[in-house]
Structure formats: C-alpha cells, structure tokens
Amino acid sequence: NVRWKVPVPGAGWSSPVIADGRIWLTTATEGEAGKGRRNGISLRALAFDVSTGRELVNVEVFRVDRPEAINGKNSRASPTPIVDGDRVYVHFGAEGTAALSTSGEVLWRTRLAYASQHGSGGSPILYGDRLIVNCDGNGGDAFVAALDVRTGKIRWRTERRQPADQAYSTPLVIRVGDQDQVVSVGAYRTAAYDPATGKEIWRVSYGDG
C-alpha cells in the first residue's frame with residue numbers, strides 16, 4: 001500500500017508540513033568542504049511533490065562550520081516548518097531562523113543566540129505578522145522572541161525570569177476573553193505573554209523545575 005518512497009538526505013526530526021501539493025521538511029547534512037572552510041553541517045529545507053515524491057526544492061539555509069555537540073537522541077533539524085501562503089518559515093534553534101519563498105529562495109535569515117545544551121526542540125508559531133519562538137538555553141540564557149515575518153527583525157524580546165534554564169517547548173496562542181495570549185513553557189515556570197508586545201500577563205512556577 002506504499003504509493004511512493006524516496007530517500008531524504010541527512011537527519012532531521014522535524015514533522016512534515018503539507019501545503020499546495022508539496023511536503024516541506026528540514027534536514028541537516030554533512031556540508032561539502034570549500035576554500036578555507038571545514039566540512040561543517042548544512043541546514044536545509046526540502047520540498048517533495050505529494051503525489052509522486054519527486055524532489056522540488058533542496059536548498060541550504062544555514063551552514064554551521066564549527067557545530068557544537070548536541071544530544072545523540074536529537075537532530076540539528078528538529079523544529080517543524082510553517083507554510084503560510086507563499087512563505088515557508090524554518091527554524092533551527094540557535095543556529096538560525098529563516099523565511100523562504102515556496103520556490104526555495106531565501107528571503108531573510110536571522111540568528112537568536114543562546115546556548116542550548118542538547119540542541120533545539122521547540123517549533124515556532126505564527127501570529128499575524130510575527131513569528132514567535134522560545135529560546136531557552138542553559139546558564140540562564142533564556143527568552144521568548146517575536147520576529148517580523150517580512151524582515152526577520154526582532155519585534156520584541158522578553159527575558160525569562162530567573163532562575164531560567166534549558167527547555168524545548170513550542171509556544172501556544174490562546175484566546176482569553178477579548179485578549180490573545182502566548183503561553184510559553186520554560187524550565188521553572190509557565191508564563192503567558194501579550195503577543196503584540198511581549199509583556200508578561202501571568203506566570204505559574206513549579207519549584208525545582
């Protein structure tokens with residue numbers, strides 16, 4: 001009952017996203033060595049035809065020349081992409097976030113620096129003209145950020161309350177009365193933020209995390 005099966009290069013735990021007849025996913029492959037650079041890791045976005053499995057897009061979005069170690073059970077391409085109309089948003093944790101056209105052109109790239117001990121896990125969410133992502137690193141380097149979907153520039157950034165530590169969750173937008181809230185789970189507490197400004201609305205702590 002298998003209609004088609006095609007190999008996917010590299011390794012990635014991202015879930016496939018299907019839109020307009022295309023299956024989108026991300027992967028990480030061993031990059032080719034070039035002049036003055038090591039092999040490194042190539043972080044890529046791929047699209048396949050949903051009917052035939054034919055590869056339609058295979059583009060390098062980021063290259064990591066000196067990759068840090070991650071947990072052996074994780075991959076460097078674990079967050080799931082988002083497709084919105086003619087835009088595809090891909091997130092590789094601290095190694096980069098980007099927007100692509102559905103033809104595979106990279107429209108913008110940005111990096112939100114934080115030290116993730118085990119690699120990335122949480123996916124971004126789309127809220128209007130903002131792409132919201134949790135960035136929870138070890139050593140207290142933890143925040144939630146909203147990127148402008150047109151440019152990739154930071155619209156707001158809210159630091160986690162201390163203590164803060166690594167976490168791997170995906171934000172969730174809920175509606176409470178007449179207000180939208182971004183619920184974001186961190187290592188020591190869950191907090192809700194105003195998706196327009198990043199201002200904390202409420203929080204619930206849980207002891208030692």
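Q: What makes the pairing of Asp65 and Arg63 a salt bridge?
A: In this predicted model, the side chains of Asp65 and Arg63 meet at 3.1 Å, N to O. A salt bridge requires a side-chain nitrogen of Lys or Arg within 4 Å of a carboxyl oxygen of Asp or Glu. The Asp65 and Arg63 pair is therefore called a salt bridge.

Q: Is Arg63 classed as buried or exposed, and what of Asp65?
A: Arg63 has a relative accessible area of 16%, and the term buried applies under 20%. Arg63 is therefore buried. Asp65 has a relative accessible area of 30%. Partly exposed covers what lies between under 20% and over 50%, so that class holds for Asp65.

Q: How do you know that Glu60 and Arg44 form a salt bridge, and what does the pair tie together?
A: The N to O distance between the side chains of Glu60 and Arg44 is 3.9 Å, and the cut-off is within 4 Å. The pair therefore counts as a salt bridge. Glu60 belongs to strand β4 and Arg44 to strand β3, so the pair ties together parts that are 16 residues apart in sequence. Arg44 counts as buried at 18% relative accessibility, whereas Glu60, at 29%, counts as partly exposed. In the whole structure, 14 salt bridges are found.

Q: Why is Asp148 called buried while its salt-bridge partner Arg155 is called partly exposed?
A: The relative accessibility of Asp148 is 7%, and buried means under 20%. Asp148 is therefore buried. Arg155 stands at 33%, which is between the limits of 20% and 50%, so Arg155 is partly exposed. The closest N and O atoms of the two residues are 3.1 Å apart. Both residues are part of a network of salt bridges that also links Asp129, Arg130 and Arg150.

Q: Which residues touch the most other members of the largest nonpolar core, and which elements contribute to this core?
A: The core has 17 residues, and Leu43, Val61, Val90, Phe92 and Leu100 touch the most other members. Two or more residues come from each of β2 (22-30), β3 (41-49), β4 (55-64), β6 (87-91) and β7 (97-101). Strand β4 gives the most, with 5 residues. Apart from this core lies another, of 13 residues, with Tyr89, Ala99, Leu112 and Val133 among them.

Q: What is Val61 in contact with beyond its neighbours within four places in sequence?
A: Val61 is in contact with Leu43, Arg44, Ala45, Val90, Phe92, Ala98, Leu100 and Arg109.

Q: Why is Asp180 called buried, and which side chains does it meet in polar contacts?
A: Asp180 has a relative accessible area of 19%. The limit for buried is under 20%, so Asp180 falls in that class. Asp180 lies in strand β14 (residues 179-185). The side chain of Asp180 makes polar contacts with the side chain of Tyr127 at 2.8 Å and with that of Arg175 at 2.9 Å. The cut-off for such a pair of N or O atoms is within 3.5 Å. Leaving aside residues up to four places away in sequence, Asp180 also touches Val173, Ile174, Tyr193, Pro195 and Ile201, among others.

Q: What makes Ile201 eligible for a nonpolar surface patch?
A: Ile201 has 33% relative accessibility and counts as partly exposed. Patch residues need over 30% relative accessible area, so Ile201 meets that requirement. The patch is made by Ile201, Trp202 and Val204 and covers about 230 Å². Ile201 lies in strand β16 (residues 200-205).

Q: How do you know that Arg161 is partly exposed, and what does it contact?
A: Its relative accessibility is 42%, which is between 20% and 50%, so Arg161 is partly exposed. Arg161 is found in the loop between β12 (154-159) and β13 (172-176). Leaving aside neighbours within four places in sequence, Arg161 is in contact with Arg189, Glu200 and Arg203. The side chains of Arg161 and Glu200 make a polar contact of 3.0 Å.

Q: What is notable about the backbone at Asp20 and at the bond between Gln162 and Pro163?
A: Most residues other than glycine have a negative phi, and most peptide bonds are trans. Asp20, which is not a glycine, has a positive phi of about 50 degrees. Gln162 and Pro163 are joined by a cis peptide bond, with omega about 0 degrees. Asp20 lies in the loop between β1 (17-19) and β2, and Pro163 in the loop between β12 and β13. At 73% relative accessibility, Asp20 passes the limit of over 50% and therefore counts as exposed.

Methods:
Residues are numbered from 1 along each chain as its sequence is written. This is a predicted model: local features need pLDDT of at least 70, side-chain atom pairs count only at pLDDT 80 or more; totals for chains, interfaces and linings use all residues. Side-chain values use heavy atoms; hydrogens and water are left out. A nonpolar core is a set of buried Ala, Val, Leu, Ile, Met, Phe, Trp, Tyr and Cys residues joined through side-chain atoms within 4.5 Å. Buried means under 20% relative accessible area, exposed over 50%, partly exposed in between (1.4 Å probe, protein chains only). Helices (H or I, at least four residues) and strands (E, at least two) are DSSP runs, numbered from the N terminus. Contact means heavy atoms within 4.5 Å. A polar contact is a pair of N or O atoms within 3.5 Å; within protein, one must be able to donate a hydrogen and the other to accept it, and residues adjacent in sequence count only if both atoms are side-chain atoms. Patches are made of residues with over 30% relative accessible area and no salt bridge: like charges are joined within 9 Å, nonpolar side chains (Val, Leu, Ile, Met, Phe, Trp, Tyr) within 5 Å. Accessible areas come from the Shrake-Rupley method with a 1.4 Å probe; for residues, only the protein chains shown count as cover.
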